[in-house]
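Got the viewer open? Here's a short tour: select what each stop calls for, have a look, then move on.

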Amino acid sequence: MLKYLVKSFAIPKLIRTFAHLHIPACGRQVHINNMAKTRIAYFCQSCGFESAKWLGKCPSCQQWNTFVEEVIEKDSKSVPTWKVSSTTQQRASKPIEVADITFSEEHRLLTPDKEFNRVLGGGIVAGSLVLIGGEPGIGKSTLMLQLALNMPNLKVLYISGEESERQIKMRAERLCEVGSKQLAVGSQGNSAINIPDSEINKGCYILTETSTQNIFKQIEELEPDLVIVDSIQTLHSSHIESTPGSVSQVRECTAELLRFAKESSTPVFLIGHITKDGMIAGPKILEHMVDTVLQFEGDRHHVYRILRTIKNRFGSASELGIYEMLGEGLREVSNPSEILLSQRDEPLSGITISATLEGMRPMLIETQALVSTSVYGTPQRNANGFDTRRMSMLLAVLEKRCGFNLGAKDVFLNITGGIRVEDPAIDLGLAAAIISSHQDIPIPFKTCFAGEIGLSGEIRAVNRVEQRIAEAQKLGFERIFISKYNMPSAAQDKKRIDLSRYQVEVIMVANIEEVFGLLFG
């Protein structure tokens, strides 16, 4: 019995030990086991941290119970992937000095959408990888399909892993303008379907596929000028055994698309899902790999949508584009100040106009405040579109420096239009709105504010004040309150602002007490 147990345990162990070796037999090599090597790893669903074992708390993002198990397979040579053609220019394999690198003028691909061009920094850069995130139903797919259908003289490939060809066709007919065009639809291959009386743009190709290997086959045949993927969480690569949407799959698919974009100089747009916390789903490295990260946001109860730049290697990272959601699609808003200001027949207390900047664009926004006596023991502090902690700081400054008793008051702040503003230049407008509501005295019409409030009650200077003044003048405002520190001293007279070219009255103030003396006497 003992000999039988030894044989039963020893022989399988020897087979497993020598299974990967080539044993010579009769002058030949015999390969006993040709199985691919696999390994199991654990990934954090929040930040993408990889661990060899399961952990309760992620050491990177400090989140609990976020690790999931994934089976990772080693790359196989038999699995097809994107391969650069022989005609594509290869990168140099040796270091080159910066002075020796030849650089021509950057060529950007302009789209018919001026707001989209503004957010990207002046147009689409060849070989760029752009990630667009946003809540479900906010309009990400509509924006990208609208872009694909309005690119003249370009071959655009729209890859969808969430919708069928007929669903995309129905949405495309709704978005397109009048015209009898053709839509090319392909699933495994590229087959064109003629639609005689539809409003579909020519040159837009639809591919419903989720395998990156099959996608690259169709790309090699079609050779598109622009690729749109909806969405990156639905793609999967044969190099990885885990399910689509997992951390390893998202990272591998993005790496393959990044390699394709850089080697072929084809711009690629990726649509990404977001988590319940508002972050883009997948590993954090996804945002580091791409060139540009755009956030599409807005309130479901408002018709306006905001396309905000989070990261941009080819332009400003603080640009903003505003769209209006209509039944025919998204319409760009060229002058956002007009839609963010409400039309009032009579002056009301607690309402002011502030001049803010989003990137290079000046805007006038309406700031509203409501101050009322607290019914409960603890006063409420709520802000919509503004940082609540900064609101608490402004209330403390008003109570300490100006003597207003706001400790037992409920204070509510609102930025109209459903947008969120982080520019500190709206501090002065918010403080004026709070005191206007507290005293129940309306602010005079055609008055706006641009100034940051410090903890000592001083009005600090803000950047690009000339653009703010020009925007106020363009919309017909009569006066604007700014910091006197925006006017340099006589020693810096070259930087002095020329106020004579503005028809609006510029009132310069030094502290918060001076502002309220001029407004409320």
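## Stop one: a pocket and its lining

The lining of the second largest pocket breaks down by class into 9 nonpolar, 8 polar and 7 charged residues. Keep in mind as you click around that this is a predicted model.

The pocket's volume comes to about 460 Å³. To land in the middle of it, select Glu135, Gln295, Glu297, Gly298 and Arg420, the closest to the centre among the 24 lining residues. Next, colour the strands around it: E15, E16 (304-312) and E22 (409-415) each put at least two residues into the lining. Which of the strands gives the most to this lining? That's E15, with 5 residues.

## Stop two: along E15 to a ring pair

Stay on strand E15 (residues 292-298) and pick out Phe296, then add Tyr323 from strand E17 (residues 320-326). These two rings make an edge-to-face aromatic pair, with 6.3 Å between centres and 75° between planes. The partners sit 27 residues apart, so to speak a link between distant parts of the chain. Buried or exposed, this Phe296? Phe296 is buried, at 1% relative accessible area, and Tyr323 is buried too, at 0%.

## Stop three: more rings

There are 7 aromatic pairs in the structure. For a cluster, select Phe404, Phe516 and Phe520, which are joined by ring pairs. Then jump to Phe477: the charged end of Lys446 sits over its ring, 5.8 Å from the centre.

## Stop four: an enclosed strand

Now show strand E12 (residues 204-208). Of its 5 residues, 4 are buried, so the rest of the structure largely encloses E12. Bring in strand E9 (residues 156-160) as well: E9 and E12 pair in the parallel sense over 5 bridges. To see one of the contacts, select Ile159 and its bridge partner in E12, Leu207.

## Stop five: the cavity

Finish with the enclosed space. How many cavities of 30 Å³ or more are there? The count is 1, and the largest cavity holds about 50 Å³ of space. To outline the largest cavity, select its lining: Arg108, Leu120, Gly123, Ile124, Val125, Ser128, Val130, Phe269, Thr292, Asn312 and Phe314. Coloured by class, that lining shows 6 nonpolar, 4 polar and 1 charged residues.

Key. Residues are numbered from 1 along each chain as its sequence is written. This is a predicted model: local features need pLDDT of at least 70, side-chain atom pairs count only at pLDDT 80 or more; totals for chains, interfaces and linings use all residues. Side-chain values use heavy atoms; hydrogens and water are left out. Rings of Phe, Tyr and Trp (its six-membered ring) pair if their centres lie within 6.5 Å; planes under 30 degrees apart count as stacked, over 60 as edge-to-face and the rest as tilted. Buried means under 20% relative accessible area, exposed over 50%, partly exposed in between (1.4 Å probe, protein chains only). A charge sits over a ring if NZ of Lys or CZ of Arg is within 6 Å of the ring centre and within 35 degrees of the ring normal. On a 1 Å grid over the protein atoms alone, a cavity is a set of points where a 1.4 Å probe fits but cannot get out, and a pocket is an open set with protein on both sides within 12 Å along at least five of seven lines; lining residues have an atom within 4 Å of a point. Grid points are joined across faces, edges and corners, and a volume is the space filled by probe spheres set on the points. Ala, Val, Leu, Ile, Met, Phe, Trp, Tyr, Cys and Pro count as nonpolar, Asp, Glu, Lys and Arg as charged, and the others, Gly among them, as polar. Two strands pair if DSSP finds at least two bridges between them.
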